[in-house]
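Visitor: I have a structure to hand and would like to go through some of its details with you, one question at a time.

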Amino acid sequence: MIKFSLSLIYLSIIFLGFKNLFSEPEKPRLAPPGLTITNFAGPDITPSPACLAVAPTGEVFVGVDMIGSLGKDAGKGRILKLVDKNNDGKMDGHTDFADVDNPRGIIVQGDQVFVLHTTFSKETGKATGMNLVVFEDKDGDGKADGPEKPLIEHISNEKYIRERGTDHATNGIRMGIDGWIYISVGDFGFHDAIDRSGKKMTMLGGGIVRVRPDGTEMEVFTHGTRNVYDVAIDPYMNVFTRENTNDGGGWNVRFSHHIQSGEYGYPVLFQHFTDEIIPALADLGGGSGTGALFMNEPNWPAQYNNVPMMADWGRSMLYIHRVTADGPTFTQKDEEFIKLPQITDLDVDGSGRLYLSAWDGAGYSGSPDKGYIVRVVPTDWSYKAFPDVKKLSVKKLTDLLKSNSSVGRLAASQELVARNNKQATEVALKIAADQALPLDVRVAGIYTYAQLAKENATTELVALTKDNAVKEFALKALTDRKIYLANVPIEPFLQGLQDASPRVHAVSIIGLNRLGKVDEAAKVLLATKVPASFTAPAKGIEGPHATPNSAIILPHLAVRALVSLQATDAMVAAIKTENADLALWALRYMHNAKAVNGLIDNYKTAQDEKLKKQILITLARLYKEEIAYDASWWWGTRPDSHGPYFKAVTWSESPVIEKFLKEEALKQGASGKQFFVDLNERNRMDIAEFAVEEKVAAVEEPKIDLEKIKNQKGQVGKSSIEDVLLAINKLQGNPVKGRTIFNNQGCIACHSLNKTDKMKGPFMGQIGSIMNREQIAESILKPNASISQGFASVMITAKGDKTYMGFVQEETAAKVVLRNIAGEVFTIKAGDILSRKELETSMMPEGLANSLSYEELASLVSFLSEQKK
């Protein structure tokens, strides 16, 4: 579906297991111990379900997406409302709630339904971007009362949604107890997204954006991820994602803890500049993260509760991530939980019913015959009606806000906020201040009170910062909304920097960033200690971008704050102090004359050779900057990840830097030249005097005649695909023999097995961790059934009346490297490209296995299934 797959088509053999899921849903062997799975709705009602959300009262809203991730035609999507009147786990009725194209996220709160979806022009029929909208159903008839009301418009890249579809567009949405809607932005990014206040914002690449439910105060929460599809948010506003990157060419999944203002590095920092990013908590191998949920419901078994649950479409698995606090962040341990074919999303209602949606092989453009919804409940579950919060008294809402259910607390909080009266405000503050209540309840009280009291909340929130149990959350609430900062004092945040809790320290840094008081904040932020782990990777070595590093969080946040505050003067003044490391780190991003001149002046008077070297490194980093993003380009599925910029350009101070570096290189003579050569290469300055001719060893590629191979007829070629698959299911094969077949059948021409090898087509070194044997066999026999992302055939026409066809092996701002099926490689200058079109066929021809016997194909499949690097 969605962002990643390696020809994932589910076979009739696989379906046998899932038929049992529906015909005999109560068998414990089909679900984790202590849970029961039932078929809630099938493809006759919910084909191609891209997303879902559940009202606290149990109504299930499903986003049907018959466009899929690569389709282009409008009029194929809708939001359905499903109901289970007798609570037996099967849908009893449904209504068409609203028609929308490419629904990618849904939130249900009261009579409002928030939807993120692609928009199309009625005149041209072409995509015009993506909007976050809200529908209302005040009469409760299961249909939207009227047209959608846009909250944010153009929150994705119109050009590439038109050209490619939504595979890297903006995706899931979820509301936190703080009342913000958190939006998962794929690495299409967006240009001039506009919220209801008229605020415009541009973001190069992916990350998380948030906005208030009325469509105002839009802001970037974190940046630097590839394809975040959804977020899991715990009761304490910890945000977790399962996103993927293209490191090693294998689209590895990374599990991340998102800390406000953090930079996560994709695609230009996460390999060679990992000292500058917040690393992911784990690299989990190949896959594709989709829906996410933090499960926090009282009637769920303890072993499945209070955990992020993360769907992985590529692995057809819902995972649980066990997170353990580690300073201001976490460590994690993941485990398989519920298997579901191409799972897309999940959500839970106030009675503890968990719903999962399965894409189930619906392909990249949707299918009317594939996709379904299942319900999962504890085996001892019994229905307990969730109340209509609009009909509850304030006392009953207070009880619900005190409950141990995340769904209940959020519903109560939002209803109290909607009532917006003195009684609701007093109740929320009382809960926030009650030291006898559980922490998650008090946190819900703090955020509810902050939303109700607005600018008048300051005095009480400051008082709560003196309570160690809730200090972190009171500090966060104080600066959570920039429109209410006028009377927020800086002192609690300065005190927070001295707190023993690293979490309090972290939110204090974030708060100082948001307060914007540069003179008061800069000096204290500069004192943040930089750990020994702040080291750049060695030349040519990929850094630890998915290894937890709690020690880097505080200095990272301090640097982000200092850059946001534009504290150039303070950074320059600190270059020769004990805080030089943090100051120089921050100066890497300060593209202004004061920074450049300050660095050069300090260099000229510095005596410490190590410091002088660091100043040169910082100047080299400042030589270029990222071009202003205008949404006319995208870096593709296999971007150049060398860094530190993708489309680097010189700026006003580049000549000053170049002149100074050349002078210093001349002074150091031949013996010191290599340092400047390395700076030039690392930062891609393209200064001719520091350039050296790169000598690339010739690699002898295998010469394989694929046409000859595919035209041969053996046992496989003479049999139906069904007979082949049935045979393969019974034969183990010899993986040693399979390696020889991999070479002889031409697989090696387009596929690498080791990450150290030059990446060609889809990486096979971890295929066994993503696909089972049947899926691997299917992808060999039917390569066009589902084309691996990034490896569709591309047709490029270029200047000089030249035409090229192949898949993109590498792409930078300056060039596209194309590889054809014969293994020939072509480098095409970006400026020479006249047109580029992605075709609907795989580069891999059908019939490459035709000459094989069943035993030989089984051996090839066995060999590939063992590739789990």
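The conversation below takes up one arginine and then one sheet.

Guide: This is a predicted model, in which local features need pLDDT of at least 70 and side-chain atom pairs count only at pLDDT 80 or more, while totals for chains, interfaces and linings use all residues. Residues are numbered from 1 along each chain as its sequence is written, and side-chain values use heavy atoms, with hydrogens and water left out.

Visitor: Is R242 buried or exposed?
Guide: R242 has its place in strand β17, residues 239–244, where strands (E, at least two residues) are DSSP runs numbered from the N terminus. Buried means under 20% relative accessible area, exposed over 50%, and partly exposed in between, with a 1.4 Å probe and protein chains only. With a relative accessible area of 2%, R242 is buried.

Visitor: With which side chain, besides that of D312, does the side chain of R242 make a polar contact?
Guide: A polar contact is a pair of N or O atoms within 3.5 Å; within protein, one must be able to donate a hydrogen and the other to accept it, and residues adjacent in sequence count only if both atoms are side-chain atoms. The side chain of R242 meets that of D312 at 3.0 Å. The other polar contact, at 3.0 Å, is with the side chain of H321.

Visitor: How many bridges join strand β7 to strand β8?
Guide: Two strands pair if DSSP finds at least two bridges between them. Strands β7 (residues 112–120) and β8 (residues 127–136) run antiparallel, and T119 has G129 in β8 as its bridge partner. The number of bridges joining β7 to β8 is nine.

Note on methods. Helices (H or I, at least four residues) and strands (E, at least two) are DSSP runs, numbered from the N terminus.
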